[in-house]
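Trainee: Could you take a close look at the aromatic pairs for me, and then work outwards into the parts around them? I would like the cut-offs stated as you go.

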Amino acid sequence: MKWTTGLLAGMGMMLAACAQETGHGDNANAKIFVDYMVEKHDFDRDDMMVLMREAKRKDSILKAIKRPAEKAKPWYEYRNLFLTPASIAGGVDFWDKNAQALAEASEKYGVPAEMIVAIIGIETRYGGNMGGYRVLDALATLAFNYPRRSKFFTKELENYLLLTRDEGVDPTALKGSYAGAMGYGQFMPSSYRAYAVDFNGDGHVDIWEDTEDAIGSVANYFAEHGWKRGEPVAVLATPRPNADMTVVNDSLDPKWTVGELAEKGFTTTAQVSPDMPANVFSLQTENGKQYWIGLNNFSVITRYNRSRLYAMAAYDLSQEIVKARGGRS
């Protein structure tokens, strides 16, 4: 009796697991997508239907995407998530192992090596955690089972199938995050197609295993979003007692100039031109608020992740890695 009960329980668990991972062959949205890909991009209908049956619905992905965002952390707690002895040492090691590619990417795109390293460190721990979901499953699950962002993920699935066809890669083989972000720099498929580069010239764009391509791709992303070679990222500001606090944190984009912010009461001792585009933002330290003037390059970092805290963590990590390397090039 116990054996029978255990067997039935085991079968129930197996059936539940299978139910969570059904394919999308019968999904109405998937069928519309197949029609679109056949008509728009000349994909083979039979091949597409096989792929939709193979693309598994993952309930764990739906749970992850619906999970409430963590309570916003103050800067001093957020910073500690990303600036650790391990993340700094890992950045030094990654830089040392990839010094030539980083130097070449920095020279070509104008993006400092430390900034490229920091982004890869924050995104995937220098390639140590690129995600364990099949990209096909992640994108199909969200495109066809998550109405709130179905349009976005359907477009990403389209881009994913185009990139795998272009690169001659099996679309069931590549892995990434639960949202379909891929490789060292966690590019979505649309970003891959727009900004990933064959930096070593081997005829393939590989951001999963080829660190040269990954490095060049992150640098190109920054350059294409307006990174200015040699310009600073952010400078400390000291607000006067009558400073106009309504402009603090008013935009991620530099809608003012350094000079205009000075007129509004936010001055800095750093040598920055008054006509530089800028915004002003605050960070909560353990000793009170700290004010910064974010320049063009700070805004570019937020194009990677639309968060001031993310951008500042990436910038701080880059500077700590430089210090840890002792000024080596």
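Mentor: Searching the whole structure yields 16 aromatic pairs, where rings of Phe, Tyr and Trp (its six-membered ring) pair if their centres lie within 6.5 Å, planes under 30 degrees apart counting as stacked, over 60 as edge-to-face and the rest as tilted. The pair of Phe 187 and Tyr 221 is tilted, because the ring centres are 5.8 Å apart and the planes stand at 50 degrees. This pair connects distant parts of the chain, since Phe 187 sits in the loop between strand S2 (175–176) and helix H11 (189–195) while Tyr 221 belongs to helix H12 (residues 211–224), 34 residues apart. Helices (H or I, at least four residues) and strands (E, at least two) are DSSP runs, numbered from the N terminus.

Before going further, note that this is a predicted model, in which local features need pLDDT of at least 70 and side-chain atom pairs count only at pLDDT 80 or more, while totals for chains, interfaces and linings use all residues. Residues are numbered from 1 along each chain as its sequence is written, and side-chain values use heavy atoms, with hydrogens and water left out.

Both partners of the pair are buried, a label that means under 20% relative accessible area, with exposed over 50% and partly exposed in between (1.4 Å probe, protein chains only): Phe 187 has 3% relative accessibility, and Tyr 221 has 9%. Ring pairs extend the picture to a cluster of Phe 187, Tyr 195, Tyr 221, Phe 222, Trp 227 and Tyr 304.

Two residues help to place this cluster in the chain. Gln 186 lies in the loop between S2 and H11, is buried with a relative accessible area of 15%, and has a positive phi of about 55 degrees although it is not a glycine. Most residues other than glycine have a negative phi. Asn 220, in helix H12, is buried at 10% relative accessibility. Apart from neighbours within four places in sequence, Asn 220 is in contact (heavy atoms within 4.5 Å) with Tyr 109, Tyr 195 and Val 197, and Tyr 195 is also a member of the ring cluster.

Another cluster member, Tyr 304, brings us to helix H14 (residues 296–304) and to the sheet. Five strands form this open sheet in the order S4-S6-S7-S3-S5, with antiparallel pairing; two strands pair if DSSP finds at least two bridges between them. Strand S4 (256–257) and strand S5 (266–267) are at the edges with a single partner strand each, so one side of each has no neighbour in the sheet. Further in, strand S3 (residues 234–239) pairs with strand S7 (residues 288–295) through four antiparallel bridges, and Ala 234 stands opposite Gly 294 of S7. Helix H14 packs on this sheet, touching S3, strand S6 (277–285) and S7, and its direction makes about 95 degrees with that of S7; here axes are lines fitted to C-alpha atoms, for helices over the stretch in contact, and angles run from 0 to 180 degrees between N-to-C directions. Helix H15 (residues 308–325) also touches S3, S6 and S7 as it packs on the sheet, with its direction at about 90 degrees to that of S6.

Strand S6 is largely enclosed by the rest of the structure, because seven of its nine residues are buried. Eight bridges join S6 to S7 in the antiparallel sense, and the two form a hairpin with two residues between them. Asn 279 faces Gly 294 in S7. Towards the edge, S6 is joined to S4 by two antiparallel bridges, and Thr 257 stands opposite Pro 277 in S6.

Rings also take part in contacts with charges, where a charge sits over a ring if NZ of Lys or CZ of Arg is within 6 Å of the ring centre and within 35 degrees of the ring normal. Arg 149 lies over the face of Phe 152 at 4.6 Å from the ring centre, and Arg 325 lies over the face of Trp 95 at 4.1 Å from the ring centre.

As for the setting of these details, the protein chain has 15 helices and seven strands, and 49% of its 329 residues count as buried. Among its contacts between residues at least 6 apart in sequence, 69% join residues at least 24 apart.
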